[in-house]
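Let's take a walk through this structure, one stop at a time. Have the picture open beside you and follow along.

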Amino acid sequence: MRAKLERIVRRAPEVMVKITGRTKDVAHLKSHLAYITRNGELDAETEQGASLAGRSGLKDLQQRWEDDAGLDDKRRRDGSLSINIILSMPAGTDAVAVKDSARAFAIETFGDNHDYVFVQHLDDKHPHVHLTVRSLGHDGKRLNPRKADLQAWRERFAGELRLRGIAAEATPRRTRGRVQKADRGAVLAMRKRKIVPDVDRLARKEVLSEVRGGTTAKRPWDEQIKSRQDAIRRRYLDYAAELQHSGAAADHALARQVRQFVNDMPAVETRRHALKNELSELTNSRRRKAEQGIDAELRGHKRDDERTR
């Protein structure tokens, strides 16, 4: 726990393990495998440790997975053939360590029951690995990861990185004082294309109505978020107090770092709060500009009157 506290307060890089999608049919699966291998330009590695190079390796992989899909007669029409995952680290992280850690993670997590293939991409500032796992396991059960599974995967990937000398942590965002959820990829893509997503438009409309009416709708989950954040901060301070009672200078130093970490945690602000503050500031800014315009106009009239006299 002490080592974890040190990594947290020193802000060790956070790993990212994200499900990017699921392939629904053979054509989609082939397209995805072609994408992650850049049409065979990048080598892929399977759960057996075999390396598949070039377009011939890509075609062999696609054909094998297509044949396996044909034997999956229990799959629902909307069932997935594979689950696509990205394992990523911040820019500057050793790419070899990222790939080795991803390999170890895949072996530990899926090696006994699922076929998979992974490819490392280095054309982005963040070294990352695309891991595609067949949904149907050898035991006949389907892979259906939940939120807790994703957190366990993050912690496992971070552990593999630390074994290779890379400082890494996998803390939930709430333990870092962040309460806003990350936006979905589709929403981010729409914003990038200067398209206002429905979720943004509806949220602005609702919040604007509250700002104009001077009312605030009660939302129990806001209180729950604040209560949970208060509890997290108290827990950190309890750890700091425990460390302070130690006779070791290193523990005292860590206690100071923990308290500073709590002081530096962001204000408890949901996306709704942030949007409301943004709209309120915009309204106040417009009001100030209008008042300044009126003042300027009055000063102009006063000068005109003086010249007339």
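Our first stop is Glu47, which sits in the loop between strands E2 and E3 (51-52). Keep in mind that this is a predicted model. Is Glu47 buried or exposed? With a relative accessibility of 17%, Glu47 counts as buried, because the cut-off for that label is under 20%. Setting aside its neighbours within four places in sequence, Glu47 is in contact with Arg64, His114, Asp115 and Tyr116. With Tyr116 there is a polar link too: a polar atom of the Glu47 side chain lies 3.1 Å from the backbone nitrogen of Tyr116. Now look at Val117. Glu47 and Val117 are 70 residues apart in sequence, yet their C-alpha atoms are 6.4 Å apart in space.

That kind of pairing across the sequence shows up in the whole chain as well. Take the contacts with a separation of 6 or more: 73% of them are between residues 24 or more positions apart. The chain has 309 residues, and 36% of them count as buried. Its secondary structure comes to ten helices and six strands.

Another loop worth a visit is the one between helix H2 (26-36) and strand E2 (44-46), where you'll find Thr37. Thr37 has a relative accessibility of 3%, so this residue counts as buried. Its side chain reaches the backbone oxygen of Ala34 at 3.4 Å. Beyond its neighbours within four places in sequence, Thr37 is in contact with Leu42, Ala44, Leu58 and Val119.

Next, find strand E4, residues 82-88. How many of its residues are buried? Seven of seven, so to speak the full strand. Ser82, Asn84, Ile86 and Ser88 point one way from E4, while Ile83, Ile85 and Leu87 point the other way, and all are buried. E4 also has strand partners. Strand E1 (residues 16-23) runs antiparallel to E4 and is joined to it by seven bridges, with Ile19 standing opposite Ile85. Strand E6 (residues 128-134) pairs with E4 over seven bridges, again in the antiparallel sense, and here His130 is the bridge partner of Ile86.

From E4 we can move on to helix H4, since E4 is among the elements that cover the buried residues of H4; strand E5 (116-121), E6 and helix H5 (147-163) are included as well. H4 spans residues 95-110, and its 16 residues reach 22 Å from first C-alpha to last, close to the 22 Å expected at 1.5 Å a residue. Its buried residues include Ala97, Val98, Phe105 and Phe110.

Finally, let's look for empty space. Rolling a probe the size of a water molecule over the atoms shows where such space is left. A search of the whole structure turns up one cavity of 30 Å³ or more. The largest cavity has a volume of about 60 Å³, and the residues lining it include Leu29, Trp65, Asp72, Arg134 and Arg142.

There are pockets to see too. The second largest pocket has a volume of about 260 Å³. Of the 15 residues that line this pocket, Met1, Ile8, Thr175, Ile232 and Tyr236 are the closest to its centre. Which elements give two or more residues to the lining? They are helix H1 (2-9), H5 and helix H8 (220-244). H8 provides the largest share of the lining, with five residues.

Key
Residues are numbered from 1 along each chain as its sequence is written. This is a predicted model: local features need pLDDT of at least 70, side-chain atom pairs count only at pLDDT 80 or more; totals for chains, interfaces and linings use all residues. Side-chain values use heavy atoms; hydrogens and water are left out. Buried means under 20% relative accessible area, exposed over 50%, partly exposed in between (1.4 Å probe, protein chains only). Helices (H or I, at least four residues) and strands (E, at least two) are DSSP runs, numbered from the N terminus. Two strands pair if DSSP finds at least two bridges between them. The expected span of a helix is 1.5 Å times one less than its number of residues. Contact means heavy atoms within 4.5 Å. A polar contact is a pair of N or O atoms within 3.5 Å; within protein, one must be able to donate a hydrogen and the other to accept it, and residues adjacent in sequence count only if both atoms are side-chain atoms. On a 1 Å grid over the protein atoms alone, a cavity is a set of points where a 1.4 Å probe fits but cannot get out, and a pocket is an open set with protein on both sides within 12 Å along at least five of seven lines; lining residues have an atom within 4 Å of a point. Grid points are joined across faces, edges and corners, and a volume is the space filled by probe spheres set on the points.
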